[in-house]
Amino acid sequence: MKPSPLWLAAASLLLPAMVSAHSIFDAWQDYGNVWRSGKASYGLDIDNDSLLLQDKDGLYSSGGVIRISSHQSDGKLARVAGWHLGHEVYTPRDVKLLPNQIPANDHPYAAWLYMGWFAEVASSHGGYFKSSIDLGCIGPCARGEQVQRGLHRLINQPEPQGWSRQVKNEFGLQTAMAWAPQRYSLGSNADFTPGVQARLGNIFTDASVSAVVRLGRLNALPQQATNHLLLRGDARAVGYNASLQGGYFSKDNVHTVKPKTWVGEVELGWVWQSSVWATQVSIVRRSNEIRSLPNAEGAQSFARLQFSYTP
């Protein structure tokens, strides 16, 4: 099923609206200088359901991002520019099932491999604007089968059996933006930040609203020292999801399913950052994404680990 013109129009209108709504977007003209002369930082993000020591592996099975960035700050504004390389793996709920045993309403096998540019500007009052553009591919070209088989051998988990039914190859072009107006204080050690996000492309098209509550020793700008608890809630309206439906231009996929229109997500984590090292450890709970799958069977939890090093 292709997304309706209404969804595409809504996403297309939302992105420029987010841009014009935030005055610090003017600072984007300096991003070339940020990349050339800013302070370098290196990061690694990992999502994986096996990190929760569960007895099953499926749905959004794993994700990883390597980041190389540069940042500058004048105490009021912080700018970040960089590159990232990412990989995501999706499978049915039980990877031990043979191809002909996978239920028709289960998640297809799929992998998304991408590389792109990202940029961010954040103000000391908590407002931010983020953007990225990625190029990649979904399908066998993303090497999801090889990555998952190798990982399962390493951690002694059952080998997946159904990758022969994965979605077909398709080149992907993906854009994303996120905007928050400001941060609201809830006291000396707590604050609240509402935001909106949108993605547009032939892999994912969606829009969401979010709210983040922080509690602890808080920082005003992203690169400053902090030690706090994090609670994030997100409600996403889905226009297209290629991990479920196959690429937007693909035809004759063996196994696809229709996505739910609304998906919710909650993240609870701990963030620690010094002038050199930073880490975040979270547990994420995501609601069912598949329209024909019972909610009790489609909801999932996974761990999220994020590390960065700024020499």
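How many aromatic pairs does a search of the whole structure find? In this predicted model, the search turns up 10 aromatic pairs. One of them joins Tyr60 and Tyr90, whose ring centres are 5.4 Å apart and whose planes meet at 35 degrees, so the pair is tilted. Tyr60 belongs to strand β2 and Tyr90 to strand β3 (residues 77-91), so this contact ties together parts of the chain that are 30 residues apart in sequence. Tyr60 is buried, at 6% relative accessibility, and Tyr90 is buried too, at 7%.

Trp83 and Trp117 offer an edge-to-face example, with 5.6 Å from centre to centre and 75 degrees between the planes. Here Trp83 comes from strand β3 and Trp117 from strand β4 (residues 110-123), so parts that are 34 residues apart in sequence are tied together. Both rings belong to residues that count as partly exposed: Trp83 has a relative accessibility of 38%, and Trp117 has one of 26%. Together with Trp35, Trp83 and Trp117 make up one aromatic cluster.

Attention now turns to charged side chains. Side chains of opposite charge can pair when their charged atoms come close. The structure holds 17 salt bridges. Asp206 is a helpful residue to follow, as it takes part in a salt bridge with Arg199, with 2.6 Å between the closest N and O atoms, and in another with Arg236, at 3.8 Å from N to O. The link from Arg236 in strand β10 to Asp206 in strand β9 (residues 204-217) connects distant parts of the chain, 30 residues apart. Where do these three residues sit with respect to the surface? Asp206 has a relative accessible area of 6%, under the 20% limit, so it counts as buried. Arg236 is also buried, at 11%, whereas Arg199 is partly exposed, at 28%.

A further salt bridge joins Arg153 to Glu159, with the closest N and O atoms 2.9 Å apart. Arg153 is exposed, at 54% relative accessibility, while Glu159 is partly exposed, at 28%. Elsewhere, a network of salt bridges links Asp47, Arg232, Glu265, Glu267, Arg286 and Arg304.

Two members of that network, Glu265 and Glu267, lie on the covered face of strand β11 (residues 262-273), along with Val263, Gly269, Val271 and Gln273. The uncovered face of β11 carries Trp262, Gly264, Val266, Leu268, Trp270 and Trp272. Strand β10 (residues 226-241) runs antiparallel to β11, and 12 bridges join the two; among the bridge partners, Ala235 is matched with Gly264 in β11. Strand β12 (residues 277-286) also pairs with β11 in the antiparallel sense, over nine bridges, and Glu267 has Val284 in β12 as its bridge partner. Three residues lie between β11 and β12, which form a hairpin.

A final feature is the second largest pocket, which holds about 200 Å³ of space. Its lining consists of Ile46, Asn48, Leu51, Ser62, Gly63, Gly64, His87, Val147, Leu151 and Leu305. Two or more of these residues come from each of β1 (39-48), β2 (59-73) and α3 (144-154). Strand β2 gives the largest share, three residues. By class, five lining residues are nonpolar, five are polar and none is charged.

Terms used: Residues numbered from 1 in each chain as written. Predicted model: local features only at pLDDT ≥ 70, side-chain atom pairs only at ≥ 80, totals over all residues. Heavy atoms only, no water. Buried < 20%, exposed > 50% of the residue type's maximum accessible area, 1.4 Å probe, protein only. Helix = DSSP H or I, 4+ residues; strand = E, 2+ residues; numbered from the N terminus. Pairing = 2+ DSSP bridges. 1 Å grid on protein atoms, 1.4 Å probe; cavity = no way out; pocket = protein on both sides within 12 Å on 5 of 7 lines; lining within 4 Å. Points joined across faces, edges and corners; volume = space filled by probe spheres on them. Nonpolar A, V, L, I, M, F, W, Y, C, P; charged D, E, K, R; others polar. Salt bridge = Lys/Arg side-chain N within 4 Å of Asp/Glu carboxyl O. Phe/Tyr/Trp six-rings, centres within 6.5 Å; stacked < 30°, edge-to-face > 60°.
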